[in-house]
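Visitor: I would like to go through this one term by term. For each label, please tell me what it rests on.

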Amino acid sequence: MAFLIELLDEILAIINESKVLEDQGQEAKGEAQEAVICNALIAFWEFYQNIELRFRQLEGMGHRKIKAAKFEEKPASSNKTFEEKSASSNKTVSFEEKIVLSLMKKMRTWFCEGRRGVLVDCLFLLLKNSKDEALAAISQEYIWTSWNSNESEEVLSEMEAAANYLSRGNFSNALGHLKKAIDLDPMHAEARNRLSTVLFMMNDFKESEKEAIKVTELEPRHFGALNGLAMIRMKEGDYSTALKYLKQVASINPW
């Protein structure tokens, strides 16, 4: 993980240098630096996705974006982690499996820590100041990944189950899994954000608003929750408050 941390440190240094260059009127060079950042972020993103995909394959769970049509609720006995499965069987864990498992855990931890660290500050700075649509898009992907990340496999499993039920329009089951995720980790803002979304889709605007406000207390820059609050206020006919929320969204994420 050391080289990944060094990569982000370099990116942050380039961002700061780009801002100085723009202040000095050297926009052309600043834009060239942004292209370097964009390529570095894309490379890192692809690395992360490949590691996660391999982790899911080894764990026997399939990729997290499994199609809803193929989703079936697994019995409790099948919800074991890769480590538990390996420990309970006579199978020898290969060197590749150990490396991938170790990398995935470290990367998840890093993204979790990154929510309020240098990683996410760097990404929000890019999102706010970039003139490059591709760079803004990849920055948003990273931000959502940091919000979705959690060190607990149980929390991630509940979130995944909720997402699959939601994609099939089964709001009550999705609600149940999200509440379980929150019970496991009350500080996980994205679980609350998804809960707010499901409540909104069920036309329970009062409870949806309560959860969205809790999200912004945990993650003040959560543009998804702020946008949700604006939608709720519009549903209630409170357009002046809705406009305030939308202005907050635009100040954080102009894209």
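Visitor: Which residues is Thr 216 in contact with, leaving aside its neighbours within four places in sequence?
Guide: They are Ala 225, Leu 226 and Leu 229. Contact here means heavy atoms within 4.5 Å. This is a predicted model, in which local features need pLDDT of at least 70 and side-chain atom pairs count only at pLDDT 80 or more, while totals for chains, interfaces and linings use all residues. Residues are numbered from 1 along each chain as its sequence is written, and side-chain values use heavy atoms, with hydrogens and water left out.

Visitor: Why is Thr 216 called buried?
Guide: Its relative accessibility is 17%. Buried means under 20% relative accessible area, exposed means over 50%, and partly exposed is in between (1.4 Å probe, protein chains only). At 17%, Thr 216 is therefore on the buried side of the cut-off.

Visitor: What makes the approach of the Thr 216 side chain to the backbone oxygen of Ile 213 a polar contact?
Guide: A polar atom of that side chain lies 2.7 Å from the oxygen. A polar contact is a pair of N or O atoms within 3.5 Å; within protein, one must be able to donate a hydrogen and the other to accept it, and residues adjacent in sequence count only if both atoms are side-chain atoms. The 2.7 Å distance is within that limit.

Visitor: Where does Thr 216 sit, and how do you know that its helix has close to the expected span?
Guide: Thr 216 is in helix 10, residues 205–218. Helices (H or I, at least four residues) and strands (E, at least two) are DSSP runs, numbered from the N terminus. Helix 10 has 14 residues and reaches 20 Å from its first C-alpha to its last. The expected span is 1.5 Å times one less than the number of residues, and for helix 10 that expectation is 20 Å. Its buried residues include Phe 205, Ala 212, Val 215 and Thr 216, and what covers the buried residues includes helix 9 and helix 11.

Visitor: Which residues of helix 9 are buried and touch His 222?
Guide: Two examples are Asn 193 and Glu 190. Asn 193 lies in helix 9 and is buried at 8%; its contacts beyond four places in sequence are Trp 144, Val 215, His 222, Gly 224 and Ala 225. Glu 190, also in helix 9, is buried at 4%. Glu 190 touches Trp 144, Trp 147, Asn 148, Met 159 and His 222, again leaving aside neighbours within four places.

Visitor: Why is the pair of Trp 144 and Phe 223 called edge-to-face?
Guide: Rings of Phe, Tyr and Trp (its six-membered ring) pair if their centres lie within 6.5 Å; planes under 30 degrees apart count as stacked, over 60 as edge-to-face and the rest as tilted. Trp 144 and Phe 223 are 5.7 Å centre to centre with 90° between the planes, so both conditions are met. Trp 144 is in helix 6 (residues 133–148) and Phe 223 in helix 11 (residues 223–235), so the pair ties together parts 79 residues apart in sequence. Phe 223 is buried at 6%, whereas Trp 144 is partly exposed at 27%.

Visitor: What makes the pair of Trp 147 and Phe 223 tilted?
Guide: Their ring centres are 5.2 Å apart and their planes are at 55°, so the pair is tilted. Trp 147 is in helix 6 and Phe 223 in helix 11, 76 residues apart in sequence. At 3%, Trp 147 is buried. The whole structure has 6 aromatic pairs, and ring pairs link Phe 124, Trp 144, Trp 147 and Phe 223 into a cluster.

Visitor: What makes a group of residues a nonpolar core, and which has the most contacts in the largest one?
Guide: A nonpolar core is a set of buried Ala, Val, Leu, Ile, Met, Phe, Trp, Tyr and Cys residues joined through side-chain atoms within 4.5 Å. The largest has 20 residues, and those with the most contacts inside it are Phe 124, Leu 127, Ile 143, Phe 223 and Leu 226. Helix 5 (118–129), helix 6, helix 11 and helix 12 (239–252) each give two or more residues to this core. Apart from it lies another core of 13 residues, among them Tyr 165 and Val 198.

Visitor: How many helices and strands does the chain have, and what is its average pLDDT?
Guide: There are 12 helices and 0 strands. The average pLDDT (the predictor's confidence in each residue, from 0 to 100) is 76, and 58% of the residues score at least 70. Over residues 61–79 pLDDT stays under 50.
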